[in-house]
Amino acid sequence: MSYLIKPKGYKALLNLAQTEMGIKQIKDFFQQNLSSELRLRRVTAPLFVLKGMGINDDLNGVERAVSFPVKDLDDAKAEIVHSLAKWKRLTLADYNIEEGYGIYTDMNAIRSDEELGNLHSLYVDQWDWERTIRKEDRSIGFLKEIVCRIYAALVRTEYLVYEMFPEIKPTLPSTIFFIHSEELLQMYPDLTPKEREDKITKEHGAVFIMGIGAQLSDGQKHDGRAPDYDDWSTVAENGLKGLNGDLLVWDDILDRAMELSSMGIRVNKEALLRQLTLCNAEEKKELYFHQRLLNDELPLSIGGGIGQSRLCMFYLRKGHIGEIQASIWPEAMCKEALEAGMPLI
């Protein structure tokens, strides 16, 4: 079901022309900083991939991909990507990217099963990035180092926005707070995962929650993850499962946590086989992507996605992602959003 949050007393700080200018400057500045921080080079990305090769991102495993037949391939089915989580790792191998370097791309996707609202759209645009790592980099320590580099780029970009539009005051703290999803559960055992996220993010301003996808001590997952890209089952040096996580910031407009990025150290052979078993998805071992990984044809890597429209929405203090990007919305939502001061593009 769609949802609409109506921020009390909301009034956009920027007009449409200023918003478009801000979007352009934010995207240009942030991707340059991201590229420099992580040593990434830009590559061209596909909008669709062939079905049945294990390349498309399965997200939580229940979302349906938009598909269509390809006439010149005997009507073989192609799928609009959900994200490029696995395609990027194939590209690292095909481009023979050295350890310590990586790639990023503008990813455009359609998620037809998305619950539409202030933070969710049918259209997904993000920077997808992937970097080759060494065996010894498969650790929480290295994950935190990469997160801090990304966060430094986020802080610099917020200052750029303040320079352009002084009425938008910076709110990001200078450093990001790290916590594991199990630790978060122990702190707030009576809250839902989303309520826990809001609680910890409001307190610290910017948080990276680790260990997304594995079952916690209460028998539940903090959130779902596909079994074949992030490593959420390996016990790390902190004694807890998971080498991945989500980056959240506190959004004063919506009065809740906003997830800007999902990322993690990717599965090696052992983690892939373990997670496929845990998810009862062992048949995937025969797919193209999985075979290449199991045959040692893919490098160890870390990667993730950073939402472009959400990032701009946060920086420009907008109340709805539809104020940033053009998409399709329920008619009733368009009317209510307009009345609440949030005209949807």
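**View A. The hairpin of β3 and β4, in which Asp74 takes a positive phi near 55°.** Five residues lie between the two strands of this hairpin, and strand β3 (residues 67–70) runs antiparallel to strand β4 (residues 76–80), the two being joined by four bridges. One of the bridge partners can be named: Ser67 is matched in β4 by Glu79. The model is predicted, so that local features need pLDDT of at least 70 and side-chain atom pairs count only at pLDDT 80 or more, whereas totals for chains, interfaces and linings use all residues. Residues are numbered from 1 along each chain as its sequence is written, and side-chain values use heavy atoms, with hydrogens and water left out. Helices (H or I, at least four residues) and strands (E, at least two) are DSSP runs numbered from the N terminus, and two strands are said to pair if DSSP finds at least two bridges between them.

**View B. The open sheet of eight strands, with mixed pairing.** The strand order is β1-β5-β6-β11-β10-β9-β8-β7, and β1 (40–42) and β7 (177–180) are the edge strands, each pairing on one side only. From one strand to the next the twist averages 25°, where angles run from 0 to 180 degrees between N-to-C directions and axes are lines fitted to C-alpha atoms, for helices over the stretch in contact. Strands of a sheet pair through backbone hydrogen bonds, either parallel or antiparallel. Here β1 and strand β5 (residues 102–110) pair in the parallel sense over three bridges, with Tyr104 of β5 as the bridge partner of Arg42 and Gly102 of β5 as that of Leu40. By contrast, β5 and β6 pair in the antiparallel sense over nine bridges, and the partner of Ile103 in β6 is Glu130.

**View C. Helices α2 and α8 against the strands.** Helix α2 (residues 87–94) packs on the sheet, where it touches β5, β6 (123–132) and β11 (301–307), and its direction makes about 40° with that of β6; contact means heavy atoms within 4.5 Å. Helix α8 (residues 308–315) lies across β5, β6, β9 (244–251), β10 (256–265) and β11, and runs at about 140° to β10. Eight of the eight residues of α8 are buried, so this helix is largely enclosed by the rest of the structure; among them are Arg310, Cys312 and Phe314. Buried means under 20% relative accessible area, exposed over 50%, and partly exposed in between, with a 1.4 Å probe and protein chains only. After α8 comes Arg317, with a positive phi near 60°.

**View D. The crossing of helix α1 (residues 16–38) with helix α3 (residues 140–164).** The two axes come within 9 Å and cross at roughly 150°, which means that α1 is roughly antiparallel to α3 (angles under 35 degrees count as roughly parallel, over 145 as roughly antiparallel, 65 to 115 as roughly perpendicular and the rest as oblique). The crossing is right-handed, a term for a near helix turned clockwise from the far one by less than a right angle, anticlockwise being left-handed. The residues making the contact include Gln25, Phe29 and Asn33 of α1, together with Arg149, Ala153 and Leu160 of α3. By class, the contact divides into 14 nonpolar, four polar and three charged residues (Ala, Val, Leu, Ile, Met, Phe, Trp, Tyr, Cys and Pro count as nonpolar, Asp, Glu, Lys and Arg as charged, and the others, Gly among them, as polar).

**View E. Asp255 and Asn280, two loop residues with positive phi.** Most residues other than glycine have a negative phi. Asp255, although not a glycine, has a positive phi of about 60°; it sits in the loop between β9 and β10 and is partly exposed, with a relative accessible area of 47%. Asn280, in the loop between α6 (269–278) and α7 (288–294), has a positive phi near 50° and is exposed, with a relative accessible area of 65%.

**View F. The surroundings of Gly341, in the segment after α9 (331–339).** Gly341 counts as partly exposed because its relative accessibility is 30%. If residues up to four places away in sequence are not counted, Gly341 touches Tyr10 and Glu323. Between Gly341 and Ile212 the C-alpha to C-alpha separation is 35 Å, and the two are 129 residues apart in sequence.
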